[in-house]
Structures are given as structure tokens and as C-alpha cells.
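I opened this notebook to record, region by region, what I looked up in the coordinates. The order of the entries follows my own path through the structure.

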Amino acid sequence: MKTLPNFLKHHTWRILGRLPLKILYILPLMAQVVGVGSIAVYLLSSQAQLSQTLVLLFLVFVLCTTLTSLVMARYVTLQHLTLQWQAAELSALNTQLAQEIHQRQVVEATLSESESLFQYVLDNAVAAITCFQLYPPEYKRKYVYLSAGQKQIFGYTPEELLADITLFAARVHPEDPIHTWDILDATVCQENSRNIEYRYYHPDGQMHWISDYLFSRWDAVKGCWFVTAVATDITNLKLMETALRDSETKFRSAFHNTAIGMSLCNNAGGFLQVNAAFCQMLGYTEAELLELSFQEITHPEDIAADQSLYTQTMAGEIPYYHLEKRYVRKDGGFVWVLLSVTAIRNQNQQLLYSVSHAQDISDRKQAEIELREQRNFFQQVVNTVPNPVFIKDLQGRFLTANQATSNIYAMPIDQIIGKTHAELSHDYEQGEQFLQNNQQVSIQGITQSYPSQLMTNCLGEKRWYYTMISPFFDTQGNTQGVIGSSTDITELKNIEEELRQAKEAAEAANQAKSTFLAHMSHELRTPLNAILGFSQLMERQPNLTPEQQSNLGIIISSGGHLLSLINQVLDLSKIEAGRSNFQGQTFNLYQLLEEVIEMFQLSAEQQDLQLTYEFAPLVPRYIYTDQLKLRQILLNLVNNGLKFTKVGGVTIKIEILGDDSQNIARNYTSPLADNTEIHLRFTVSDTGCGIAPQEIDRLFQPFSQTTSGQKMPGSTGLGLSISRGFAQLLGGDMQIHSVLGQGTSVEFQILAWVSEPAPPAATETTEIALQATPHRILIVETAEVDRQLLRSILHPLGFSLQEAQNLQETITLCQHWHPNMIFINLESMDLETFKISLESTEIPGIPRAKVIAICTTIPQPQFPLFTRCDDYLVKPIREGKIFKILAKHLQLSYINSQSNPVAKPLIKPVPLTIPPSAGISPSPAILGSPVILSKQVKLVQPLTPVTSEQQLNTIKEELINLPQALLRDLELALVEGDIQVINNLTSEIQQFQPTLASLLHPLVSQYQFEALLSLLPPLTNLD
């Protein structure tokens, strides 16, 4: 076997190794069978002896066994070798397989990482990548991939674009070629690549420039073109290109059109390009200059400096330089220029050329020469100025000064230069202050004035100076110090002190005037009280002739005008003296305006004028402010408007202001909360004669009137002055806008607070029988005429009256007579006396008397005497006011006496015994507090037959249709028995209900006031 070739050995062993093991086990048996058979054949054939035969058989058996053993051993060896070779071969295959598996895993991992990286790059690229297939010949598209960059570039997500392919095409500019899809696709397939630029409108409406690069390849398997499009936003690049073109255009325009000479030169200084201004400056043509260099036209004395700086600039040692030099003109003259040269380099810092700017400064150079000549002249001039003039540096050292400054320090000017104020005056504290002032001016760069600076001169005199300090700068704009001048104002200071003393004296005199007016108010009102009071009593006399009634009317009208004038003067004096106080209260703004309108409605209709008002949205109904002052302002303005208007009318408008007082607030969308602070603007406009512009400024001056106002009877020129003072007291101001011949608009603003309406106070009524003991009223007054007036008014009404003139009488009557009400003059008694008088009325077991104060002005709530009173009367006293107070505090109502149907009816109190159905609405609040008065009426006499029952029912039905405000005024006039007001109201009813007016006339003419009151319907509370 050793001699066999290796390949034969290998195959032999493989064949043997593959023999079944059972065959090897059967071989020895086969050998034995063969041996025994051979011996048997031999014996039978030769018939030999048995012994020989046995021997031979044994030998054959041994030989067969040996051969079988050798074969088995060799087989086992071959089988073992075969197993080893197969194991080695299997191990090699396993190793190769493991390597192949590892390599495949590495390839797959690398591929996965590459795919992830590729997908990351695609998703985060600032580009929109689109892959699609084109199938010729129609070039139909089939989208394969859209990157996430579609959202950034086109404003839509890939999903949105795939869902609706028209989104993209709809936003491409219609003039751009991308709309020709078939031509574009065919071109891309033919050229394999194509770049297009187009305009695209994002969903937000902004236009963007898009650059789309498309490249294609043929896919033979699918039979289509595979196209990839990469779109990027080049809007900024387009803008840069546009800006670059504009910049180049501007540069060329500036280069050729500027008035400054400009030129471009090469490294050696030769001219490459020049503008017209440069040619004109030197007298050369452009062609002539392009043949020269700047060295050839530079003044010989300036060539060295210019060449040195130019060489450094071209070498990059300095970026640019400035130089004052002289150019030689073509005609031989020279021109001074301020030359600025800059080197222009490319991105690689390679020198391209230089740009030169030459500004003609010949005039400035001439001016410098003249300036030097004038400097000495200036010094001579400033030395003649009597006021100190100086220049200091940033450290406060004098750079120059005039002779007046030298006189202060008693030193020559040359010794002052270079020193500070502290070194010259030895006043280091003041020197430090002066230095701080100078540095402040230098830092801020603005002029500062110091009106009062006290300095001590060389003689030891203290003098006051007004100093003005300004900064001065160098040619680069840097602050170098200050220039100052001082004016001796010592004499002005002395005059100012005298004026201050005079002002204090004037203010004291003004205060004395106000005090005098306040005291005089009492003295004026006292006789006026008697005039008006007794005039009203006389007006009721039945035997007055028409002439006497006319005279009384004149007296009452004149007294009313005098009272109005006194009130205005007093109000003005309070405003000027600062004693007019804010008296806040909650009230109905809408009702207040309605009352103002109602007061002037009849007058407006008689003049055929319109009187309207308007509330802006969300103006609150209830506000907190000073109602009396606001009411007075509106009354004054509406009265003025009607007074100066002949055609058209007067309009009142109320608005809420925003943060800016000139603009109406528009951010209120819901009612304002309680206690919200608001600014209200009231505008009262008329269509009257208007005011001349030159007269508007003096309208707010007391006693000042316009030309038209001087022609108007009864005008005092105080209304607007007082109204503006009240508006300012209420937190605002007043302005007037007028056009002559067209009308006037008066605006004023006030500060107010949104408020809730106060609950009405409950009214307790006491029923008093008609035959019961009359009410006891005590009159405490030092003036006989005032006591007589009250006595004349109250005695006919059936009251029990007593009078007291001093403290002892008051105490005695209060303790023994027990009055129900006391009318007492506050201004006739001192505080202690008044307190004792009130304490005497407080007797246990007896109701406290109602105390009514009588005064000449409305008392302030904080006035100590007023806090102990229940109500007040202001002189001059009117009957209606007394009747209201009696009704309020004694719970009385009134009937009209029919004893004399011709004369004005006398008013008599009666107890409140009529059912509630006969009641009428409450009158306006007293003292600003809402008080409900039960004005119930009892008819004492039946109606006269002048009016039938049917007519009475008709009147009652017609009265229901009247406006609530008109019914309220009619009711109040009937209660007070004011025949003049009743007649005016009847005339007003005549205009729109003539039938009702004709039925009312007989009742009014016969003074059937209680009958009319019983016919009035119950009134609702007008909010």
C-alpha cells in the first residue's frame, strides 16, 4: 500500500472505510466455513487418515482466523483514520462557514448603519429630495420617495404632497417654466441632468426662490427613467445677488455722480479710472488722467509723505490713510484736498487696486489761515465782554479766559491758563463741584445751565452768577472740554427776593380777598334772604295790581340774578383759595343728565332748538364722584350753549376714556366691575355763533367775556372759570374747540369710580289727626328780619312757633316747650353755645327735635356744627325748600287752601292718612342721600262742577301717557303750588296733547292742585 499513489491510497481508504461493519464480522465465519468445507472435501476425496485431516483442518482454521484478525485490525485502523480525516474536513468546513457568517453579519451591520446614516442625511438635509419614475412615451410620473425636507422647502409634508399632487403646482409662479412638465421631463431624460430655478409661494403667502437639480438614469429592468430631484431654497442667495447688483449700481452711480473726486489706481499709482468731479477739480480730461499717475500731479512738497503712506497701504501694513495734500492743476495752480486712500483686495488678500477720495478743502485751508488771523482778534473781543468767558479741558484746567474771568481771580490771563478753580480760589469744595458739572456736560454732550452759583471774588464779595456750559469737540467728534460763560445776576437775585416777598404779600392779599368774600357772602345773603322771602310772601297777596305783580316779578328775578352772582363769586373765591373740597357720593349719572336736560327742555323748545344727549357703550349708570360740582358744570355749559345758539341745538355726549386721555377706550367688552376707576369725558357741543380763535385763551379767565358774550344780558364771565376749576377738582381738566360761525364744543374730563346704587332709606310715617296738637317749631336767629321771614312763612301753615335770640332763651324753650323742629342760624352762634343748645333738646322720654341749620353757604360734612344737624337751608330761603324739609322730617303732605281762588293758594300741612294708591314718586335727594318722601294728598273739598266726572276720567287716562319726567315735574310743582311752573308745564303738554291741556286749564286756573294730584298716576322710580 505504501507504494500506491496517494490519491489511490486516499480513495482506497475511503472505500474501505465505507464498508459496513457487519461484513467485517462475517469474514472470520466465512473463513472457518470455507476451511471446514475444504477439509471435508479433502477427506471425502482422498479418504486420508483422520489425524492428518484434523491437523490440516486445524491449520486451515488457524490460518483463516489469523487472516480474519489481520483484516479486522487493518479495517479498524482504516476506519479510525477515515473518521479523523472526516472530522478534520468537517472542522475546516465549520471554520469556513463561521467566517462566512461573521463576514455576512459585518456586511449587514455596515449596510444597516449606512442605510440609517443615509436616511438621517436625507431627513435632515436642508433640501427637498424627490425620487420618481418616468414611463415613456407619455412620461407619466410615479413617485417613489419624498424626503422630510419637503416641509421646510415647500411648506407641506411628504404625506400631504402625495395625497394631493396639485398642491405643489398651484403655488409655483405662473410665469416660471416648471409648469411645462412634459417638456421638462423629456429634457431631463435626454440630457440626464437639468437645473431649474423658479418662484414658489409658501402656504403663509411668502415667495421663495427654489433651485431644483434633476438627474436621471435608465432602469432597463422596469423600462423607465429613474429621476431624482434635489430642491433647495436660494431666496437668500437671490437677495444677495440682487443686493450685489444694487450695490454695484449704487457704487457706479456714487462713483460717477458724487461731488467728491474719486479715482482707482494700480499698485504703482497709475490711474485706472477717475470720475467727473476729479477731472473737474484738476482741469484734466478723463483720457489725460488715465495716462498719468498720482505722483505726477502731486505738489513736490507733498510727494514724499503721500508715496510713503501709499506704499505701506499697498503692502498691507496699514488698511488706509488720510492725508491733506496739494494736487497740481493742469493750469499750474494747486488745490488742497483731504485725501483718503483704501486698498481693495480679493478673498485671497491679493491686491486689486486702491480707491481714493479727494475732497476739495481749499476753502477750509483758507479759513484756517483766516482763523489764525482772527484768533487774536477774538481774544481782544472776548476781553471786552463784561461777563466771564472761559474754556476748560476735561480736568477742569483753564485753556483760555477773558479779562472778566481774570478780574474775578485778580490774576493775568496767562497765569490762569493751566490751573483749576480750586487752585485759583483755594475753595476746593466748590472746585470739585465745578469739575463734576464740567464732566457731566462732557459725558452727556449737551449744554447745561446753572441758574444760581455763588462765588467769592478776589475782594471777598459774594456774587451770584448764571452759568451756561457747553461741550466742545475735536475733528473726530471727541469731547475735549467745555466752553462756558457766566453772567453776574446778583442784582437780579436781589430783585427776585423782593419779588418773592411781593408775591407772598399778594398771596396773602388774595387769601384775605377770599376770606373777605366768604364773610361778605353772609352779609349779602342776609338782606337778600329778606328781599326774596318777603317778595314771595307779597306775591301771594290777593289785592295786588298787575303793575305791582310785575314789579314783584322784577324784584324776585333781580334777586335771583344777584344770588347767582354771589354764588359764582363765592365759588370762584373758594377755588382760588384752595378751599373748594371734593364731596363724593354715589348717584345715578343717567338720572342726573335727564334732570339737567329737563331743566332746559322748555327753554330749548321755546327757541326751537334740539337738546339731546348720548351715552357711549358701557358708561356705568351709578358712579361715585362729587355730584353737585358735576351738576353745576353741566348746567353752566348747557346754559351757555343754549344762550349762544339760534339754529340747531346742543348735544351732550359721555364717553369712557382709555389710558391715553385723547383716545376712547375700545377694550371694554363687558360691564365694569364695582369700584373700577374710570375717566369720563363729557362733551357739550352747540351749533351757535362760535368763538374767534384769539378769544378762546381768555375764556377761562374770571370776568372775561367774548364779543358775543358781552352782548348777552346777565352774563358775568364766571361760569367757565368756575366750571374748569370744578373739573380740575374732580381729577380732570377742560378744553374748548370752536369754529367761528359753526359752533363750539367744550370737553371736560373727570375721575370717577363705578358704584352700586345705595338702597333707598326706609321712611317711617306718623299719622297725625287734623285736629291734633300742631307741630312746635323753634326759630333761633339773631337777625330780626330773618325771624320775621320764617314766622311769616310758617305761621299761616298752622304751626306753633317760638323764637329765641340767645343761648338762655334756647335752653329754656327746649326744656319746657319741647319743640319738634328747630331752625337755627349756624353763623350767629359759636360752637360751644350750639352744643349746649343741642344737648338741652335731648331729654329722656321725649323725641329729639329735628335741627335744621341756616347758613349762607353749603356746609362741609366735616364741619363740627353740621354733624349735629339733620338738614340745612341756604340763604336766601325759598318756600319750596322749607316745604320739602317739613315733609321730610315731620312726615307731612300738603293741601291747597281754597279760601281765595283768585290769589296764589296757601299751603297747609295735613297728616298722611291717604291710602298708598294715591302716592307719587319721590323728589330728588336732599344732601345727596336718596330719601323717599311719601307725598300723599287728602282732598278737603270736592271738585267744583267746572269739570264733569267724565272729563276727570279722561284727564286721568290721558295723564298716564305723559312722560315720567314730565309727570314728576308736574307733581312737584303741584305740591309746591308754583303756578308759574304749572303754567309752563301745561303749555308743554299743549304741544303734543292739546285735548288734555284744554281739560287741565280750568283746574289750574281755579287752583285745584289737590284734585290734579289725586288724578296723577303712580310714578315709577326712574333709574
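**Entry: the largest cavity.** I looked up which elements build the wall of the largest cavity, and found that β11 (389-393), α13 (403-409), α16 (428-444), β13 (448-456) and β14 (462-473) each supply at least two residues of its lining. I keep in mind throughout that the model is a predicted one. The space in the largest cavity comes to about 180 Å³, and of the 17 residues that line the largest cavity I noted F390, K392, F434, M455 and S486 as the closest to its centre. Sorting the lining by class, I obtained nine nonpolar residues, seven polar and one charged. Counting cavities of 30 Å³ or more, I arrived at eight. I remind myself of the principle behind such a search: a probe the size of a water molecule, rolled over the atoms, shows where empty space is left.

**Entry: the sheet with β1 to β5.** I then traced an open sheet of five strands, whose order is β2-β1-β5-β4-β3 and whose pairing is antiparallel. At its edges I found β2 (140-146) and β3 (193-201), each of which pairs on one side only, and I noted an average twist of 25 degrees from one strand to the next.

Within this sheet I followed β1 to its partners. With β5 (residues 224-233), strand β1 (residues 128-135) pairs in the antiparallel sense over seven bridges, and here I located Q133 opposite F226 in β5. With β2, strand β1 is joined by six bridges, again in an antiparallel run, and on this side F132 stands opposite Y143 in β2. Looking at the connection, I saw that β1 and β2 form a hairpin with four residues between them, and that Y139 in the turn has a positive phi of about 60 degrees.

**Entry: the sheet with β6 to β10.** I next read off an open sheet of five strands in the order β7-β6-β10-β9-β8, with antiparallel pairing. Why is one side of β7 and of β8 left without a neighbour in the sheet? I answered this from their places in the order: β7 (271-274) and β8 (320-328) stand at the edges with a single partner strand each, so one side of each has no neighbour in the sheet. The twist in this sheet averages 30 degrees from one strand to the next.

For the pairing of β8 with β9 (residues 334-345), I counted nine bridges in the antiparallel sense, and I recorded S340 in β9 as the bridge partner of H322. I then checked which helices accompany the strands: helix α11 (residues 303-314) packs on the sheet, where it touches β6, β8, β9 and β10 (351-360), and its direction makes about 145 degrees with that of β8. Helix α8 (residues 235-257) lies across β6 (261-265) and β7, and runs at about 115 degrees to β6.

**Entry: a helix pair.** Two packed helices are described by the angle between their axes and the distance between the axes. For helix α24 (residues 784-794) and helix α27 (residues 879-890), I found that the axes come within 11 Å and cross at roughly 65 degrees, and I noted the crossing of α24 past α27 as right-handed. Which residues meet at this crossing? I listed L790, I793 and L794 from α24, which meet E879, I882, F883 and L886 from α27. By class, this contact has six nonpolar residues, no polar ones and one charged.

Conventions. Residues numbered from 1 in each chain as written. Predicted model: local features only at pLDDT ≥ 70, side-chain atom pairs only at ≥ 80, totals over all residues. Heavy atoms only, no water. Pairing = 2+ DSSP bridges. Axes fitted to C-alpha atoms, helices over the stretch in contact; angles between N-to-C directions. 1 Å grid on protein atoms, 1.4 Å probe; cavity = no way out; pocket = protein on both sides within 12 Å on 5 of 7 lines; lining within 4 Å. Points joined across faces, edges and corners; volume = space filled by probe spheres on them. Nonpolar A, V, L, I, M, F, W, Y, C, P; charged D, E, K, R; others polar. Left-handed = near helix turned anticlockwise from the far one by under 90°. Contact = heavy atoms within 4.5 Å.
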